[in-house]
Amino acid sequence: CMHKHTGSDENPNVGTIAILQQMAEYYNQVGDEWRTRAYRKAISTLRNHPTKVWTREEALALPQIGGRLASKIEEIAYTNRLRRLDNAKAEPQDQVLQTFMQVYGAGFAQASKWVNAGYTTLDELVEKAELTPNQRIGIDHYADFNSRIPRAEVEQHGNAVRKALHKIDPAFDVIVGGSYRRGAKDSGDIDCIITRPNTDLPHIRQVVLDQLVPKLFAKRFLMAELAATSRDDGSKWHGASCIAGSSSSTGIWRRIDLLLVPSDELGAALIYFTGNDIFNRSLRLLASTKGMRLNQRGLYKDVIRGKGREKLSEGTLVEGRDEKRIFEVLGVPWRPPEHRIC
Ligand code: DCP
Ligand code: MG
Ligand code: MN
């Protein structure tokens, strides 16, 4: 991802990549990290390959592609489909699992428990399963949470947060990150980065949790709290929000994340919360190959690692505040958010 980047429309392997991506997505959802990684590696190899790969032999000759994946690449090249993917989509067990995994907050483990207990529909879960309050919210607003949010509506939610916060203190900044900042035409949720110049986390947290959140509940913009990290070290608030009025989106509950960021970590937080997740992973890997470490707080140097790349020292902070400077220190040409899609 950090290397050569072939524009996706000119890549002769787009068709194969699209199907491999669905397969990677499937394995990711069922928690098979090993296969997910294998598929993603193969995808990145094909992305950088200048000609269409037709046969198993051709695929095997490329880096990061093993025998089983090579056969699948051949099958896709000749048939434009993959039987394994068709099967996965058709399995009734799997469809129930997929449905349950899309309940907000329920991962593979929880969804599997419900499947194994014999439940087959969301209604059955509501009637018979013992649900946490958040799971109940996830089911009651299942359709809402699983529908994409148009870009214009993401903006409305961001504006509502910003407006309320500016009434409390105009020095605060609200930056909508995530897929929105990457320029997506629609998003899965609204990621609001909340910061303030020369201000530490405790102050930001106090204003957001004690003033902003209650105020937005009173306005009936916020509808539910789904997760908030503990008072002392917390830096996030997850919940649901809703725009009132007469537009087409009236009444739809959306997932919203408030990410509280002290000013001296803004650059690193912007990188992290802009993503995408695969871009973040490759940037972190690159940092580690240069003896550095990147996380959502900053870029650190002189990190000592053992044989298995495990950290032996935390290193010293080089840069946290400035997004562009982090790219510079890493030796990566600046990539605008719209180009951080891997
Ligand atoms: N992130 C990450 N690794 C994860 C999850 C998230 O690096 N496992 C980072 C990158 C994401 C950002 O956090 O871009 C926001 O997470 P979201 O889950 O909200 O993902 P996006 O905003 O990218 O996409 P969506 O439109 O689905 O919300
Ligand atoms: Mg998002
Ligand atoms: Mn999010």
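The questions and answers below concern a predicted model of a protein chain with a ligand.

Student: What is the mean pLDDT of the protein chain in this predicted model?
Tutor: The model scores ipTM 0.99 and pTM 0.80. In the protein chain, 95% of the residues reach a pLDDT of 70 or more. The mean pLDDT of the chain is 92.

Student: How many helices and strands does the protein chain have, and what is its radius of gyration?
Tutor: The secondary structure comes to 16 helices and 10 strands. For 342 residues the globule rule gives 20 Å, and the chain's value is close to that, so the chain is as compact as a globular protein of that length. The C-alpha atoms fill a box of roughly 65 × 55 × 40 Å along the principal axes. The radius of gyration is 22 Å.

Student: What percentage of the contacts with a separation of 6 or more comes from residues 24 or more positions apart?
Tutor: Buried residues make up 31% of the 342 residues in the protein chain. Among the contacts with a separation of 6 or more, the share from residues 24 or more positions apart is 54%.

Student: Which element gives the most residues to the shell around ligand 1?
Tutor: The shell holds 13 residues, and the closest are G178, S179, G188, G275 and D277. Two or more residues come from each of α12 (178–181), α14 (266–274) and α15 (277–289). The most, 3 residues, come from α14.

Student: How do the residues of the shell around ligand 1 divide into nonpolar, polar and charged, and how many are polar?
Tutor: The shell has 2 nonpolar residues and 3 charged ones. The number of polar residues is 8.

Student: Which residue does a cis peptide bond join to G275?
Tutor: G275 is among the closest residues to ligand 1. Omega of the cis bond is about 0°. The partner lies in the loop between α14 and α15. That partner is N276.

Student: How many residues of strand β7 are buried, and which strands pair with β7?
Tutor: Strand β7 covers residues 254–260 and is mostly covered, with 6 of its 7 residues buried. Strand β6 (residues 236–241) pairs with β7 in the antiparallel sense over 6 bridges. Strand β4 (residues 190–195) runs parallel to β7 and is joined to it by 5 bridges. The count is therefore 6 of 7 buried residues, and the paired strands are β6 and β4.

Student: Which residue of β7 is the bridge partner of C192?
Tutor: On the antiparallel side, H238 stands opposite D257 in β7. For C192, the bridge partner in β7 is L258.

Student: What are the edge strands of the sheet with the order β8-β9-β10?
Tutor: This is an open sheet of 3 strands with antiparallel pairing. Strand β9 (residues 299–301) is joined to β10 by 3 bridges, and Y300 stands opposite L317 in β10. An edge strand here pairs on one side only, and the two are β8 (293–294) and β10 (316–319).

Student: Is A287 buried or exposed?
Tutor: A287 is found in helix α15. Leaving aside neighbours within four places in sequence, A287 is in contact with M292, R293, L294, L299 and L330. Because 21 C-beta neighbours lie inside 10 Å, and the cut-off is 20 or more, A287 counts as buried.

Student: Which residues is P12 in contact with, leaving aside its neighbours within four places in sequence?
Tutor: P12 lies in the segment before α1 (14–29). It is partly exposed, with 13 other C-beta atoms within 10 Å. R47 is 35 residues from P12 in sequence, and their C-alpha atoms are 8.8 Å apart. The contacts of P12 are T51 and K52.

Student: Where is N80 found, and is N80 buried or exposed?
Tutor: N80 has a positive phi of about 60° although it is not a glycine. The residue is in the loop between α4 (67–79) and α5 (83–90). With 11 other C-beta atoms within 10 Å, against a limit of 12 or fewer, N80 is exposed.

Student: What is the phi of N198?
Tutor: N198 is found in the loop between β4 and α13 (201–218). It is exposed, with 9 other C-beta atoms within 10 Å. Although N198 is not a glycine, its phi is positive, at about 50°.

Definitions and conventions. Residues are numbered from 1 along each chain as its sequence is written. Chains are lettered from A and ligands numbered from 1 in the order in which they are written. This is a predicted model: local features need pLDDT of at least 70, side-chain atom pairs count only at pLDDT 80 or more; totals for chains, interfaces and linings use all residues. Two strands pair if DSSP finds at least two bridges between them. Helices (H or I, at least four residues) and strands (E, at least two) are DSSP runs, numbered from the N terminus. A residue is near a molecule or strand if its C-beta atom, placed from the backbone, lies within 6 Å of it. Ala, Val, Leu, Ile, Met, Phe, Trp, Tyr, Cys and Pro count as nonpolar, Asp, Glu, Lys and Arg as charged, and the others, Gly among them, as polar. The radius of gyration is taken over C-alpha atoms; the globule rule is 2.2 Å times the number of residues to the power 0.38. Two residues are in contact if their C-beta atoms, placed from the backbone, lie within 7 Å. pLDDT is the predictor's confidence in each residue, from 0 to 100.
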